[in-house]
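These questions and answers go with the structure shown below. Read each question, look at the structure, and then check the answer.

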Amino acid sequence: MLKFIIRRLLALIPMLLGISVLVFLLMYLSPGDFLNEARNSKDISPEIVRQQEIALGLDKPWYVQYGMWLNSVSPIKTKYLLPPQEREKHWPVFLGAPDFGYSWSYKISASSLIGQRVAATLALAIVSLLLTYGVAIPLGVIAAVKKGSWFDKIASFLSYAALSIPYFFLALLAVLFAAVTGWLPTGGQCSIMHDFLSPAARAADYAKHLILPSLVLSLGGIASVMRVMRGNFLDFERAEFATTARAKGMSENAIMFKAVLRNAINPIITSFGFAFAGLLSGALLVENVMNYPGLGQLIYSAIIKQDQYVVMAGVVMGCVMLVMGQLLADILLALADPRIRLENSRIPVLPVSISILAIILAAVGLTYVSESMPDTFSAVLSALLIIGKILFGALVLLIVLALIWAAKFFIKNFLPQTVASKQGLAALAVLGLLYLAALFAQFLAPYPETLPCLNKSFHPPTLPVWHDGKLQIKVYENADPSIALYKPVPGEYIPVKFFVKAKPYKLWGFIQMQTKLIGLDTDNPDARIYLLGSDSTGRDVFSRLLYGAQVSLSIGFIGIAITMVMGFMVGGLSGYFGGAFDFIAMRFVEFLMAVPSLYLLLAMRSALAPHFDSSEMYIMIVIILSMLGWAGTARVIRGMSLSLAKRQFIQAAESMGQSPLKIIVKHFLPNQLSYIIVSGTLSIPAYILGEAALSFLGLGIQEPSSSWGLMLAQAQSDTKVLMLGFWWLLLPGVAIFITVLAFNMLGDVLRDIADPKRQN
Amino acid sequence: MAPVKTRLLWKAALGACALLMCASCSEPPRPERGKYPLPEGVETVQCEVGKYGGVFVLCSAQEPKTFNPLISPDLYSSQAISLLLSTLVTYDPIKDETVPALAESWTVSPDGKSYTFKIRKGIKFSDGVEITADDVIFTFQAIFAQQTDENGNPILDKQTGKPLLKYPSRYAGQYTISGEPVKFEKIDSHTVRFTTKTVYAPFLIDIGFIEIMPKHALYKDFENGTLNEAWSTKTAIDTPEKIVSSGPYMLYNFKPGERMTLCPNPHYWRADKAGNRLPYMDYLIYKFVADANTGTILFATGQCDAAAVSANDYAWVKNYADTYDFKIYERGPDTSIQFIWFNLNPNKDEKGKPYVDPVKLKWFSDRRFRQAVMSAIDRDGLIRGVWFGRAQKLNGIISPANKKWHNPDTRKYAYDTSLSMKLFNEAGFKLDREGHLRDSAGNRVKFDFLVAENSQNSTTIATTFVDNMKAVGIEVRLSFLDFGTIVSKIDNTFDYDSALMGFTGGGDPSGGKAIYRSDGFLHVWNPRQKSPATDWERRVDELMDLQETTLDEAERKKLIFKMQEIFSEELPLLYLITPMSYSGIQSKWRNIKVPPTGSIIWNLDELYDGGEN
C-alpha cells in the first residue's frame, strides 16, 4: 500500500510538468497579456507599459518564461535561469524553497493569495460532498430496495427534476429566494457585521452562509449519485452471489447491506475522488453567482486578466487536489472490494518523462519556427485548419453512420418495449416532437432568428383567439414605454394565416421555399405574431427557440457519440489489460481531467476565434466538450472492467483463446451496457447544460446565432427581465428542463429494457 | 435510549437555530471620538451639523488591488486610496472648481508657470505624525526616481533612449509637461512650489490626482527599492494599521473577496461648525460582490446604503423605493462615450501587405460613406426599445454630461435611410437589383465588425447595427472577441475593418489627448501617426496644443468647441447613445448634495444618519 502511494506521488511529477507546459503554452497562444488594460487606458503612457513589460518578463519568449517559472517552483534550482543580478550569489545548481511567483494584479505572492481562498473553497467542497453522498447513497438504496413504490417514484421524479435545472439558473433562483424572503444571506462567506461578532456567532455566521451554496452545488450531485446508486444496487441484487447467499439462507437484510451494498458502491467510490477535485472548478459558476469568495472565482478572474502566475499556482493546486482525490478513491476502492489489487502496475518513469520532454521540445521548436518563419507557419497552420475541418466532416459522417446503426439497433431491440411503457412513450413523443421542430425550424418559425422590431421590445406572448369566425390575434400597444407595459387595443385584431407566403429561403440550405407555416394576413410590415413574446430588440422568442433548438439539441448527440465510443474503448482496454497500458491511459485521462477545462476553452477560443466563424464556434465547443468529457466515462468503465476481468466467465473466454477485442465487445459491452446507457442518457443533458453554462460565461454560441443557453444567459444578465416579470424570456430554461427531463426518463426506461438479467 | 437521543438532537438543533438567529444581531463597538484636539489649520465645513453613529454599506463589483497610490491603480483601487489619503487640492463637484485639501491655499506666479502651495498647519497622519512639505517632496521624488547602475548613472531604455524609472507609474507621464518633468521644491516646512516648463492650463486639476504619501512610513521602502511592493493587499490583510492615512478614514480590516471595513481617522483635518471632527459615520463598509447586478439587487432590497442605478435597472428598482425607504436621483446622461469606427490605417505591415483592404479603405476614408452609415443607424429605436427611453443620442466626442466642455451645437445625424442613400449615391455607391450596395467599381459593400463579448448592451447595439446595415444593402459580419484580442487588433496588428467600443469620460478635455491627437495611442481609427494624415486631424492637433497653453477658460472652451465640431463633421467615430444615470441612497442619510455629475456620495465624511423622519 505504501509503495503504491509513493509511486502515485512520483507519477504526479511528470503530470504536473505536462500540465504546466500546456497551460503556459496556451497562455502564450491567447492574444494579449496582463497589460491589455493598461495599454488601453488613456492616462497610462506607452513608455510605462513598455517598462512594465520588461519588469514582468513579458518581453521574453514563452519557453524562457516557463523555464524561469519552473526554476523558481522547483526545490532544485540552477542559477542560469535566475535574473542576471542574482546569478552571482549562487552555485550553478543549488537548493531553494519553491516560489510560485507573485500576482501581478494584487502584487502579493501567488501562494498566499491562493492560501487566502483555499479555506473557503475547501469548506464549501467538503460540506457539499458530505451532503451529496450522505443524502444520495441512502436515498438510492431505499429507492432500489423499494423499487416501484411511491417513494421510488417520487425520488426518481425529483432527481430528474434536479438534474434538469441548469446550475447557474438554480444559483440565481437561490439568490432571488434569499433576497425576497430574507431568511438566508444572498451571498458572501460571512455577514457584513462579521468582524463585530463573538467567536461562536462567527462560526454560526459561516455556517449560515454555507447553506445555500452547498445546497445548490450538491443538488445535481445528489440526483446523479442517487440514480447511479439505485442502478447499481438493482444490478447486484440479482447477481449470482446474492442468489447464492439467499439459497444459503442468509437474511435479506444481511444480503442487502453486506454483499450487495459493498459491490454497488464501487463506481460511486471511484467517482468520489473526481467529485472532490471537480468541485474546485465546478464551484466556479456557483461561486460567481452567489458571490462566494473561493478559489474558483479567483482563478477565473486571473485567467480573464491573464495574471499568469496565479493561474499557474491555481492549476498546480488543482492537479494536486485531483491526484489526492484519486489516490483516496483507489485506496477506498481497495478497502471496499478485496478482489481489487493495487500493486499490479509498474511505473514506466523513463518513457513518461521522455514523452513529456519531447512535448516540451516540440512546443519550443514550433514556437521558434513560427517566429522565425511566420509566413510558412501561418500557411501551414491554415492548411492544418482546413485538414482539421475536413477531418471533422469525416468524423461527423462517421458519427451519423454510428447513430443510424444505433437507431436501427434501437428500433429493433428497444422500440417495442419502450413504446409499451407509458413513461417511455411520453419521453419518446416529447423528444421526437422537439427534434422535428428543430429540423423544420425554418418552415415553422414565422420570422428569421435575427429580425428585430425596436418598437415592440419585450412584447408579451399573443396566442391566436377565435374572433369573427376566424383565428386572429389581438393587437397590443405599448401603454407605458418606460416599463414596456403592453395593453391590448380593444376591438383590433389581425387575422392569422397558415401556409403564408414569406421571403424566399432555403430549407436545409438547398430546398428553395417561400411558404411558412404561420403568419399574419396583413400588409403592415411592423405587425408581428409573437406566439411566445419578444426579446429586448423585439425579436420573436418562438422563432429563436426553434432556431436555438438546432444548436442545443444536436450538441448533446454529437458530443455523446464521441464521448461514449472513446470512453468505452479506453476504459475497457485499460481495465482489461492493466499494466503499462492502463497506467499510461489513466495518466492521460487524469491529465485531461486535470487541465482546467474552462481555461482550455477560453484560451483555445481566443487563439482560434479569428479563424472560425461565429457559426463554426459550435464545432469547436462540441469537440472541446467531448474531448474533455470522455475521460470521466473511461475512468468509471475501467473501474468496472477491473472487477469484471476477475470474473469467471471472462477467464473462461480467455482460456478459450478469444481475442481481447472480441472479449471486450462480446462480454464487457453487454455487462457494461446498463452503465453506458444510464450514463449516456445522463450525459446528453450534461452537454445541453454544458452549452448553457458556457454561454452563461460568454464562451458559448454567439450572436447572431441563437441557442437556448445563449437566450437564457441574455435573459439572466438583464436583471429587469426577472424584476419586471418578462417571464417568457425564461422559456429557454423550460425548454432545457423538458428536454433533459425527457432524456432522463427515456434513459431509465431503456436501462430497464437493456438489463439482460431483468428478463428472468 | 431512543427518546433521550431524540431529545438531545432536538436540543442541538434548537441551539444551532438560536446561534444562527443571533449571528446577525450584535452591535459594532463605537469608535472613540474627540481624543485629539483639532489642528490649527483645520478646515471648518459649512454643512449642517450632524450626529455621530451609523454604518454605511456600499457594494463594489471590484476590489482594490493595492493601497499604494504610486502603482498605476485601477478605478477601484484609486477609489479606496482616495478615502485613506488626501491630495494637496481636490475637486468640488458642486462648486465645479478646485478647492483646498491638504494645501490650505495656493498662489500662481504671474507667468502662469509656477504654483506655490501652503500646507495646513498642525495636521497629522492617522499615526500622529505631522504632515509637512517633506511628504509632498517625497511623493514627487518617488514618482521621478530613476533606475541607476552601480556607478549611479541612469539606465536608459534601449528602445526609446529615455531613462528608466525606478517606480514606473502613470503619474510620471502626467506630470511631464512639454517633455520635461515638473520641478518641485520645498520652500519651508509647510510650503512647496511646482514649476512647469511651459504654461499648462490643467495643472491645478492634475496636481489633485496624486495622494500625498507619508514619508515616515514609506521612506525605508523607497531606499530599498521595494516601494512598489509596499502597502499591498497583503499589508492590508495582515497589518491594516500600517497603512497610515490622512483622509477621512483608516483601514479597519480587509478581507479579499468579502469586504473592506473603514473607520474614522482620529486625526482627520476637517470638522463641522460645532467643532465635531468628521466623518460622522462609525464605519464605512465596502461589500465586494460578483457583479453589478448583485449590487443593484442588494441596494433595491435595502441591504446596502447607496448605489449607482443603471438606466436599464431604474425601471424596476424604483418600485422598491417605498418598501426599503430609499430615494433615487435622476442624474442626466452618462459621461462615457460609445462609438463605432472604421479602420482608417493607411499603412502596410512588414511584409508590405496593407492593414486594410485598399478597396475597403477607399470606402472608409470617404467622409460621405461614414456619414451615410451614421444616418442609417436607428439610435432612436435603440433608445425607445432597449433603454425604454432612458438614454440620449450622442452627437459628439464629449458627452453632454460634461456640461462645462460639451458643445451642444455640433452637426447632428438623425435616423434617415433616404438621406443615407443620398449620401451613398453622392459617394458613388449604388444599390443593385438584389438590393445590395455596390461601389463605383461594382464591389459589394461588406465588412467585419468587432464586438467585445460578455456585454449585453454591446450585443444589442451590434445586432441592431447589423440589421440597420442590411436595410441599406450592406452586409456586416459580426465577430465577438474577448477584450484582449480586440485591444491587440486595434493597437498592434491593425487587421480589422470596424469595431464597437467605449471610453470613460468626464473631467478636463486634456485628459482625452490620447484620443483626439493624431499621435495619440487611443486615436483608434489610425493611432500614433508620425504626422497628421488628414487636414482636419492636423487642425485638431493645433487646437489641442493651443488650448493647453491658454489660461483663459472662455478661450479654451472656444477651442474645445471647435474641436468637437470637427469631430462631428468628419465622423472618425460614429457616436451611439449615452444612457441616463441614476443614483440611489437610503433616505436616512442627511447632508446629501447631489452634484451635476459624478458620484452622489462624494462627501461621505459629511453624511450622517438622521434616522427615520
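Q: In what order do the five strands of the open sheet with mixed pairing in chain B lie?
A: This model is predicted. In chain B, five strands make up an open sheet whose pairing is mixed. Their order is E22-E21-E23-E17-E24.

Q: Which strands of chain B stand at the edges of this sheet, each with a single partner strand?
A: An edge strand here has a single partner, so one of its sides is left without a neighbour in the sheet. The twist from one strand to the next averages 30 degrees. The edge strands are E22 (475–481) and E24 (573–575) of chain B.

Q: Which residue in E24(B) does B:Trp341 stand opposite?
A: Strand E17 (residues 337–342) of chain B pairs with E24(B) over three bridges, in the antiparallel sense. Strands of a sheet pair through backbone hydrogen bonds, either parallel or antiparallel. Opposite B:Trp341, in E24(B), stands B:Leu573.

Q: Which residue takes a positive phi in the hairpin of E11(B) and E12(B)?
A: Strand E11 (residues 249–255) and strand E12 (residues 259–264) of chain B pair in the antiparallel sense over six bridges. One bridge joins B:Tyr249 to its partner B:Pro264 in E12(B). The hairpin has three residues between the strands. The residue with a positive phi, near 80 degrees, is B:Gly257.

Q: Which strands of chain A stand at the edges of the open sheet of four strands?
A: The sheet has the order E3-E4-E5-E6 (chain A), and its pairing is antiparallel. Each edge strand has a single partner strand, so one side of each has no neighbour in the sheet. Direction ignored, neighbouring strands are turned by 50 degrees against each other on average. The edge strands are E3 (465–467) and E6 (511–520) of chain A.

Q: Which residue in E4(A) is the bridge partner of A:His467?
A: E3(A) and strand E4 (residues 470–480) of chain A run antiparallel and are joined by three bridges. In E4(A), the partner of A:His467 is A:Lys470.

Q: Are H20(A) and H26(A) parallel or oblique to each other?
A: The axes of helix H20 (residues 541–577) and helix H26 (residues 708–717) of chain A come within 7 Å and cross at roughly 125 degrees. Angles of 65 to 115 degrees count as roughly perpendicular and those over 145 as roughly antiparallel. The crossing angle of H20(A) and H26(A) falls in neither range, and the two helices are therefore oblique.

Q: How do the residues of the contact of H20(A) with H26(A) divide by class?
A: From H20(A) come A:Arg544, A:Gly548 and A:Ser552. They meet A:Trp708, A:Gly709 and A:Met711 in H26(A). By class, the residues of this contact are two nonpolar, three polar and one charged.

Q: Does helix H24 of chain A lie largely buried or in the open?
A: Helix H24 (residues 648–655) of chain A has eight residues, and the number of them that are buried is zero. Just after H24(A), A:Gly657 takes a positive phi of about 85 degrees. With zero buried residues, H24(A) therefore lies largely in the open.

Q: Which residue takes a positive phi just after H15(B)?
A: Helix H15 (residues 483–493) of chain B has buried residues, among them B:Gly484, B:Ile486 and B:Lys489. Just after H15(B), a positive phi of about 55 degrees is taken by B:Phe494.

Q: Which helix gives the most to the side of chain B that touches chain A?
A: The contact takes 82 residues from chain B and 72 residues from chain A. By class, the side of chain B has 34 nonpolar, 32 polar and 16 charged residues. With eight residues, the helix that gives the most is H14 (residues 456–471) of chain B.

Q: Which element of chain B has the lowest mean pLDDT?
A: Chain B has a mean pLDDT of 87, and 95% of its residues reach 70 or more. Over residues 1–6 of chain B, pLDDT stays under 50, and the model has zero contacts beyond four places in sequence for them. Where pLDDT is low, the predicted coordinates should not be read in detail. The element with the lowest mean pLDDT (51) is helix H1 (residues 2–22) of chain B.

Q: What ipTM does the predictor give the complex?
A: The predictor gives the complex two scores, an ipTM and a pTM. The pTM is 0.78, and the ipTM is 0.74.

Definitions and conventions: Residues numbered from 1 in each chain as written. Chains lettered and ligands numbered in written order. Predicted model: local features only at pLDDT ≥ 70, side-chain atom pairs only at ≥ 80, totals over all residues. Buried ≥ 20, exposed ≤ 12 C-beta atoms within 10 Å, placed from the backbone. pLDDT = per-residue confidence, 0-100. Contact = placed C-beta atoms within 7 Å. Nonpolar A, V, L, I, M, F, W, Y, C, P; charged D, E, K, R; others polar. Pairing = 2+ DSSP bridges. Axes fitted to C-alpha atoms, helices over the stretch in contact; angles between N-to-C directions. Parallel < 35°, antiparallel > 145°, perpendicular 65-115°, else oblique.
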